Structure formats: C-alpha cells, structure tokens
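Reader: I'd like to go through this one with you and ask how you get from the numbers to the words. Could you put it up first?

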Amino acid sequence: MGAGLFGITSALLLSRDGWNVRLVEQRPSIMSGASGNNIFRLHRGYHYPRSIETAVASQESEIQFVGEYGDAVIYSSEHLYAISKSDSLTSAEDFLAHCRTISLPFTKVENPIFRRGSVDLVVRAEEARIDPRALITICKQKLRESEVDVRCGTGVTPELATQFDFLVLANNSGINDTASALDLPVPVRQYELCEVAVVDRVPVGDRDIVVMDGGFISLSPFGRAPGKYLLYDVVNSVQSTQVSAICQLHPEHAYRDQWEESIPSSFDAMKANACQFLEGFENVRRCRSLWSIRTVLPNVDATDERPTTVEWLAPTVLSVFSGKLGTSVVAGRKVVEELQNS
Ligand SMILES: Cc1cc2nc3c(=O)[nH]c(=O)nc-3n(C[C@H](O)[C@H](O)[C@H](O)COP(=O)(O)OP(=O)(O)OC[C@H]3O[C@@H](n4cnc5c(N)ncnc54)[C@H](O)[C@@H]3O)c2cc1C
C-alpha cells in the first residue's frame with residue numbers, strides 16, 4: 001500500500017519472489033508523495049554526524065540501491081559539505097572525526113564559493129544524487145514489466161484489506177491512519193509539511209552544497225534539469241509541524257508540485273539564509289516549489305536520526321517506516337524475508 005519508492009520497491013521484490021501483489025496508491029500517479037518531492041540526495045552518511053546508525057545504514061544500503069536504480073544515480077557533481085562558523089551542532093573537528101570513524105572519504109578544500117568568515121570547514125565528499133525523472137521512469141518501467149497489479153487513484157479500505165493474505169503498509173504519513181482504521185496501535189510520529197524551492201540563476205556550477213549542522217541549507221542540482229537547483233532550508237522549509245499519532249497536516253498541500261497562491265512560500269526567508277553563506281545568491285529566482293510531508297520519529301532533534309524499520313503491526317500487517325531513499329531496497333528485501341518467514 002502506497003506507491004512511493006518504498007511501496008514500489010517492496011511490491012517489485014515481492015512479485016519477483018513469486019507473491020501475487022497488488023500495489024494501491026491513493027493519488028492518481030506513483031511517486032507523488034515524499035518520494036517525488038524531496039532533495040534527492042543519495043546519502044552516504046556525511047549528513048548524519050549526530051546519528052552514526054543513520055550514517056552507517058545510508059552507507060551500507062547504497063550498493064543495493066544502485067543495483068536496482070543505478071541509471072537514476074548521478075555521481076559526477078562536486079559535493080561540498082561545510083560547517084557553519086556559528087551555531088553548528090557539530091564542530092569541524094567532530095565532522096572530520098565522524099568521516100574518519102566510518103571511513104567516508106573527504107578532501108579539505110579552499111573555500112571556493114562561501115562568504116568569507118561564514119564557515120569553519122569545507123570538504124569535498126564522495127556522494128551521489130538521484131535524478132527524479134529517471135527514477136520515476138525506471139519505477140514505471142519495472143512495474144510495467146512485472147506482475148504487480150498497480151491501482152492508482154484508490155485507497156485501501158479495511159474491507160479491501162480482508163481480501164488479501166497480507167497487507168504491507170508503505171504509505172508513509174498515512175500509515176497510522178490506516179492502522180487505526182484496522183484497530184491497530186498507532187505510535188506518535190512527527191509530521192512536517194516541507195517546501196523545497198526549485199530555483200535558477202544559481203552561481204555555484206555543478207556543485208551540490210550542504211551547510212550544516214543545525215538550521216542551515218542544502219542546495220543541489222535538480223536531477224539532470226539544466227540550470228535548475230533544489231534549495232532547502234532546515235528551518236524555513238518546514239512550514240508546519242505536528243507531533244501526534246494521526247497526520248492531520250493538509251494532505252492536499254503535500255502533493256502539489258506547482259506553486260499555488262493558497263500556499264505561502266518561504267522562499268524569501270530561505271534565500272536570505274542562503275545569502276549569509278553563498279556569494280552571489282541575491283539573484284537566485286524561484287521557479288516553483290515541491291511540497292511533501294516528512295514523517296519522522298518524534299523528539300529526535302538532538303540526533304536527527306532517520307531510521308528505516310520494517311515491523312509487524314499484526315500477524316498479517318507489516319509496516320515499512322521509511323528513512324532515507326537509499327534504504328528502500330534493503331527495506332524491500334526485509335519485507336520479502338518477513339513474509340517468507342511468516
Ligand atoms: C523535504 C524532504 C527532503 C528529503 N530529502 C531526502 C534526500 O535528499 N534523500 C533521501 O534519501 N531522503 C530524503 N527525504 C526522505 C524521503 O523522501 C522519504 O523518506 C521517502 O521518499 C519516503 O518514501 P515512502 O515510499 O515511504 O513514502 P511516499 O513517497 O510518501 O509514498 C507514500 C505513498 O502512500 C500513498 N498513500 C498514503 N495513504 C494512502 C492510502 N490510504 N491508500 C493508498 N495510498 C496511500 C501516498 O499518496 C504516497 O504516494 C526527504 C523528505 C522530505 C520531505
């Protein structure tokens with residue numbers, strides 16, 4: 001249930017294992033939720049100096065992800081991680097120690113694009129990004145070539161659920177909603193309505209940039225779209241936050257990828273923040289925004305951890321709580337293993 005990357009991957013792997021799978025998606029098309037509206041960084045662990053578990057899970061899952069979706073992965077850009085001079089939750093020394101601890105390759109570089117005095121450290125990292133268009137194309141093609149019965153534009157009702165031997169909930173911010181309709185326990189989650197601005201006139205070349213660690217910025221080329229970048233700001237991109245069992249953020253907002261007058265953009269604040277760090281950012285222009293709901297564990301601001309978990313909610317109901325995109329294939333394999341052993 002849920003045709004985001006985790007639902008699609010689980011469905012494909014189950015089908016290959018011989019299961020009869022129906023993939024149900026409430027939106028008109030696949031990849032319309034967080035999987036189609038994020039920053040598309042294929043994390044290797046640099047981003048998570050405060051959660052070694054998330055860093056290692058990202059690092060270890062990359063090879064499986066590339067095995068399945070490699071044609072969507074772009075390794076060519078320069079990836080720069082910088083530590084802000086002020087208010088960073090991770091110091092330059094801590095960041096370097098983190099890289100060494102889990103053997104993440106890095107090269108210290110002379111500050112090529114950052115404002116003088118804004119950052120303490122800049123390293124070139126070896127990381128990749130994902131081209132969203134290519135990823136969606138691959139998913140569609142793999143689903144077409146598979147035996148998976150894909151049904152978009154329809155949700156799972158408790159009645160429908162009874163027609164199947166197993167239900168795999170991979171519907172992200174909707175997992176608890178479905179679980180509660182099935183009378184299953186629902187843990188508290190943190191839901192965040194997020195905006196990622198698609199921008200142009202960006203003076204950084206083919207570079208992928210992160211300033212961390214805390215309320216800072218991320219700027220990435222937007223897949224292979226020429227001249228387009230994705231700007232995200234850890235504070236200003238989060239439009240609203242809700243800590244509760246059931247997500248009540250407006251779902252109709254969460255799947256828009258076009259600018260709507262009804263959704264106030266935080267681009268001006270994001271740009272002002274980015275201008276503190278990047279030279280020549282004043283001329284950057286927003287083309288549109290991507291919107292989605294991020295679902296994370298509550299009260300993890302200190303570590304910023306993003307685990308991916310596959311667990312049974314009931315004897316026939318398995319849930320896939322997703323962390324980073326790169327872990328989707330590992331999670332799908334775990335789903336197959338759990339069902340084989342059930
Ligand atoms: C702003 C932002 C930036 C991010 N950046 C990155 C990044 O750079 N790198 C990275 O690795 N990760 C990133 N992430 C995290 C990543 O995008 C998500 O963890 C991942 O996409 C979740 O995939 P999913 O398949 O679990 O959920 P989704 O992609 O959200 O899919 C769930 C699907 O379930 C459907 N659904 C919901 N309820 C029902 C129902 N009742 N019936 C049927 N279908 C239903 C939804 O419509 C949706 O299509 C980011 C997330 C956000 C929000």
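Reader: Which residues of α1 are buried?

Author: Bear in mind that this is a predicted model. The buried ones are Leu-5, Phe-6, Gly-7, Ile-8, Thr-9, Ser-10, Ala-11, Leu-12, Leu-13, Leu-14 and Ser-15.

Reader: And what makes you call α1 mostly covered?

Author: The count does: eleven of its twelve residues are buried. The cover over them includes β1, α2, α4, β9 (167–169), β17 and α9.

Reader: How do you know that the length of α1 fits a helix at 1.5 Å a residue?

Author: From its first C-alpha to its last, α1 reaches 16 Å, and that is close to the 16 Å expected for its twelve residues. Just after α1 comes Gly-18, with a positive phi of about 100 degrees.

Reader: What does α1 give to the largest nonpolar core?

Author: Seven residues, and that is the largest share of the core. The core has 46 residues, and the members touching the most others are Leu-5, Ile-8, Tyr-69 and Leu-135. Besides α1 (5–16), the elements that give two or more residues are α2 (52–69), β7 (128–130), α4 (132–145), β10 (189–200), β13 (229–233), β17 (317–321) and α9 (328–340). Another core, of 26 residues, lies apart from it, with Phe-216, Ile-217, Tyr-229 and Met-270 among them.

Reader: Let's stay with Ile-8: what is in contact with it beyond its neighbours within four places in sequence?

Author: Gly-2, Ala-3, Leu-23, Ile-30, Met-31, Tyr-69, Cys-139 and Leu-143. Two of those turn up again in α4, where Cys-139 and Leu-143 are buried.

Reader: Good, α4 then. What makes its span agree with the expected one?

Author: At 1.5 Å a residue, its 14 residues should span 20 Å, and the end C-alpha atoms are 20 Å apart, so the two agree.

Reader: Why do you say the buried residues sit on the same side of α4?

Author: The buried ones are Pro-132, Ala-134, Leu-135, Ile-138, Cys-139 and Leu-143. They cover an arc of only 165 degrees around the axis, and therefore lie on the same side of α4. On the face turned away from that buried side are the exposed residues Arg-133, Arg-144 and Glu-145. What covers the buried residues includes α1, β1 (22–25), α2, β7 and β8 (149–152).

Reader: Why is Gly-332 called buried?

Author: Buried means under 20% relative accessible area. Gly-332 has 0% relative accessibility, so it counts as buried. Its place is in helix α9, and it touches Ser-10 and Leu-13, not counting residues up to four places away in sequence. Both of these are among the buried residues of α1.

Reader: What about His-47, at 18%: why does it get the label it gets?

Author: The cut-off for buried is under 20%, and 18% relative accessibility is under it, so His-47 counts as buried. His-47 is in the loop between β2 (41–42) and α2. Leaving out residues up to four places away in sequence, His-47 touches Arg-41, Tyr-81, Val-210 and Met-212.

Reader: Is Asp-208 buried or exposed, and how do you know?

Author: Buried, because its relative accessibility is 1%. Asp-208 lies in strand β11 (residues 207–212). Its contacts, leaving aside neighbours within four places in sequence, include Arg-41, Glu-78, His-79, Arg-129 and Ser-220.

Reader: And what makes Leu-89 exposed?

Author: Exposed means over 50%. Leu-89 comes out at 54% relative accessibility, so it counts as exposed. Leu-89 is found in the loop between β4 (78–84) and α3 (92–101). Beyond its neighbours within four places in sequence, Leu-89 is in contact with Arg-50, Asp-213 and Gly-214.

Reader: Last one, the ligand. What makes Gln-26, Ser-35 and Ile-39 polar contacts of it?

Author: A polar contact is a pair of N or O atoms within 3.5 Å. A polar side-chain atom of Ser-35 is 2.5 Å from an oxygen atom of the ligand. For Gln-26, a backbone N or O atom lies 3.1 Å from a ligand nitrogen atom. For Ile-39, a backbone N or O atom is 3.3 Å from a nitrogen atom of the ligand. In total 34 residues surround the ligand, and the closest are Glu-25, Ser-35, Ser-322, Gly-323 and Leu-325.

Notes:
Residues numbered from 1 in each chain as written. Predicted model: local features only at pLDDT ≥ 70, side-chain atom pairs only at ≥ 80, totals over all residues. Heavy atoms only, no water. Core = buried A, V, L, I, M, F, W, Y, C linked by side-chain atoms within 4.5 Å. Buried < 20%, exposed > 50% of the residue type's maximum accessible area, 1.4 Å probe, protein only. Helix = DSSP H or I, 4+ residues; strand = E, 2+ residues; numbered from the N terminus. Contact = heavy atoms within 4.5 Å. Expected span 1.5 Å × (residues − 1). Arc of directions from axis to C-beta. Near = heavy atom within 4 Å. Polar contact = N/O pair within 3.5 Å; in protein donor to acceptor, adjacent residues only side chain to side chain.
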